[in-house]
Amino acid sequence: MIRKATLIFLLAVFPALVFAKGSKNQRRFVGGNIQDKIASVNEASEAEVTDLAKAAMEFSINYKELMGDDPDLASLAVAGVTAIPQSYIEGASESERKILSDKFLNIFNIFEDNSVKISVLNKISSSDLDGKNFTSTLNDFIRNGNPASSDMALVKNVIQTLGNIGDEESFKVLFKAIPDQKWELVRGDLELAFRQLLSERELLTLDLIGRGNALEIRTIFDIVAKSEGATKNFTAEIAENVLLRSIYIMGNSSSAGEDLPVLQQEALELLKDLQWTRASSTAVQYFAQAVSEFNNGQITEEAFCTVINSLPVVSPIGSIQPLSSYLASLNKQMEEKTAAPAENVVLALISALASVGDKNAFDALLGVTYYEYPDKVIAAARDALAKLKW
């Protein structure tokens with residue numbers, strides 16, 4: 001009875017066999033066992049491979065429930081999926097492509113064998129098919145999955161496929177999984193897939209930053225900063241927005257974490273390296289917070305000096321007032337002899353103001369020469385005064 005049903009199915013797949021003898025591979029597929037069917041697909045000519053591959057997929061789907069986890073049936077499914085030619089997919093009509101995509105998804109869902117699932121993932125990754133339903137299935141795999149109880153090769157292939165065909169929901173799902181400890185073993189794969197989806201989702205990335213906590217904005221910054229494919233503009237936009245969000249978090253949270261001031265410094269440093277003067281107002285806003293962080297011992301003297309030296313590069317004009325004001329406040333300390341400012345900080349301020357050469361720094365620089373600073377500091381202030389443009 002089973003053999004009769006199989007024959008009816010195969011005649012439906014190969015209607016030409018009713019009227020013609022058919023090729024050797026077609027006859028072997030129809031009359032042979034599963035191993036014969038696998039061989040006929042693997043050895044098919046260019047002219048017959050599409051029909052035989054589709055027949056192998058149909059047979060695998062139709063007899064999966066009857067044969068259960070039969071390894072030969074799984075091998076036939078792999079052979080069918082793998083053999084579908086790329087040229088056929090590219091030339092197929094929209095309806096044909098939809099049917100094929102649905103079959104791939106069906107096979108992925110009904111077979112437990114990981115080799116079957118991976119063969120489908122590889123085919124989907126390399127094919128420009130309508131994968132909305134497929135993408136949704138993979139999103140759920142990551143959203144609800146537990147890599148500890150899954151085959152690692154399958155997990156990696158799911159992540160890689162999402163990097164190739166993922167949508168906005170995939171972008172969010174991958175982003176959420178990256179810092180999750182249960183995904184630690186595949187964090188590099190998650191970051192790579194997320195990075196692949198970045199370039200077309202700038203607004204969504206900025207939205208994630210605008211809503212993100214300290215760990216989330218650190219995650220995005222690290223991925224973008226290390227991405228070789230990101231454009232200068234995109235990288236700078238990310239760095240500026242990370243800095244802006246970090247300022248907000250530091251100002252509104254008592255548990256921002258020790259890493260956040262470090263992230264702020266790295267973001268400003270990247271903006272300096274990119275010479276991104278569009279972030280001028282953000283950089284100036286950050287400097288005010290950096291002063292407070294330095295006074296509270298949240299950043300080191302060396303780090304604070306780096307911030308001072310970076311500020312004029314990002315904000316050539318906007319930096320003059322805050323740097324001059326801060327230097328004037330240190331001069332006030334010297335006048336009142338309340339506390340001796342850190343020498344390196346004073347030197348950094350003088351150097352930064354000299355690099356811009358704006359005349360509005362005159363009073364603060366001149367003030368240095370009036371007080372009992374070390375000779376090295378006074379000499380630096382006099383050199384800076386000589387560099388001012390009038």
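What radius of gyration does the protein have, and what would a compact globule of 390 residues have? I looked this up before anything else. The protein comes out at 32 Å, where a compact globule of 390 residues would be near 21 Å. I also took the spans of the C-alpha trace along its principal axes, and they are about 105 × 40 × 30 Å.

**Confidence**

Note to self: this is a predicted model. I checked pLDDT before going on to single residues. The average over the protein is 90, and 93% of the residues score at least 70. Residues 15-20 are a stretch I am leaving alone, as pLDDT stays under 50 there. In the model that stretch has five contacts beyond four places in sequence.

**Whole-chain numbers**

I went through the secondary structure and found 23 helices and zero strands. Next I looked at burial: 49% of the 390 residues count as buried. For contacts, I took pairs of residues at least 6 apart in sequence, and 68% of those contacts join residues at least 24 apart. The accessible surface adds up to about 19200 Å², and carbon and sulfur atoms hold 50% of that. I looked at charges too. There are 37 positive and 51 negative ones, and their mean positions sit 5 Å apart.

**Phe59**

I picked Phe59 in helix α5, which runs over residues 49-67. Is Phe59 buried or exposed? Its relative accessible area is 5%, which is under the 20% cut-off, so Phe59 is buried. I then took a C-alpha to C-alpha distance from Phe59 to Gly80 and got 9.5 Å, with their positions 21 residues apart in sequence.

**Asn139**

Asn139 sits in helix α10, residues 132-144. I had its relative accessible area down as a thing to check, and it is 3%, so Asn139 counts as buried. Which residues does Asn139 touch, not counting those up to four places away in sequence? I wrote down Leu162, Asp167, Glu169, Ser170 and Val173.

**Lys156**

I moved on to helix α11, residues 152-165, where Lys156 lies. Lys156 has 33% relative accessibility, which falls between the 20% and 50% cut-offs, so I logged it as partly exposed. Leaving aside neighbours within four places in sequence, I find Lys156 in contact with Val186 and Asp189. I also noted Gly188: its C-alpha is 9.9 Å from that of Lys156, and the two are 32 residues apart in sequence.

**Gln333**

Helix α20 holds Gln333. At 26% relative accessibility, I have Gln333 as partly exposed. I listed its contacts, again skipping residues up to four places away in sequence, and they are Thr338, Ala339 and Pro341. How far apart are the C-alpha atoms of Gln333 and Tyr371? I get 9.9 Å for this pair, which is 38 residues apart along the chain.

**Positive phi in loops**

I then turned to backbone angles. Lys337 has a phi near 55°, which is a positive value in a residue other than glycine. I placed Lys337 in the loop between α20 (320-336) and α21 (343-356). Why does Lys337 count as exposed? Its relative accessibility is 65%, and the cut-off for exposed is over 50%, so Lys337 qualifies.

Gln275 is the other entry under this heading. I read a positive phi of about 50° for Gln275, although it is not a glycine. Where does Gln275 lie? I found it in the loop between α17 (259-273) and α18 (280-295). Gln275 has 58% relative accessibility, so I filed it as exposed.

Note on methods:
Residues numbered from 1 in each chain as written. Predicted model: local features only at pLDDT ≥ 70, side-chain atom pairs only at ≥ 80, totals over all residues. Heavy atoms only, no water. Helix = DSSP H or I, 4+ residues; strand = E, 2+ residues; numbered from the N terminus. Buried < 20%, exposed > 50% of the residue type's maximum accessible area, 1.4 Å probe, protein only. Rg over C-alpha atoms; globule rule 2.2 N^0.38 Å. Contact = heavy atoms within 4.5 Å. Areas by Shrake-Rupley, 256 points an atom, 1.4 Å probe, with all protein chains shown as cover. Lys, Arg positive; Asp, Glu negative; His and termini not counted. Charge placed at Lys NZ, Arg CZ, Asp CG, Glu CD. pLDDT = per-residue confidence, 0-100.
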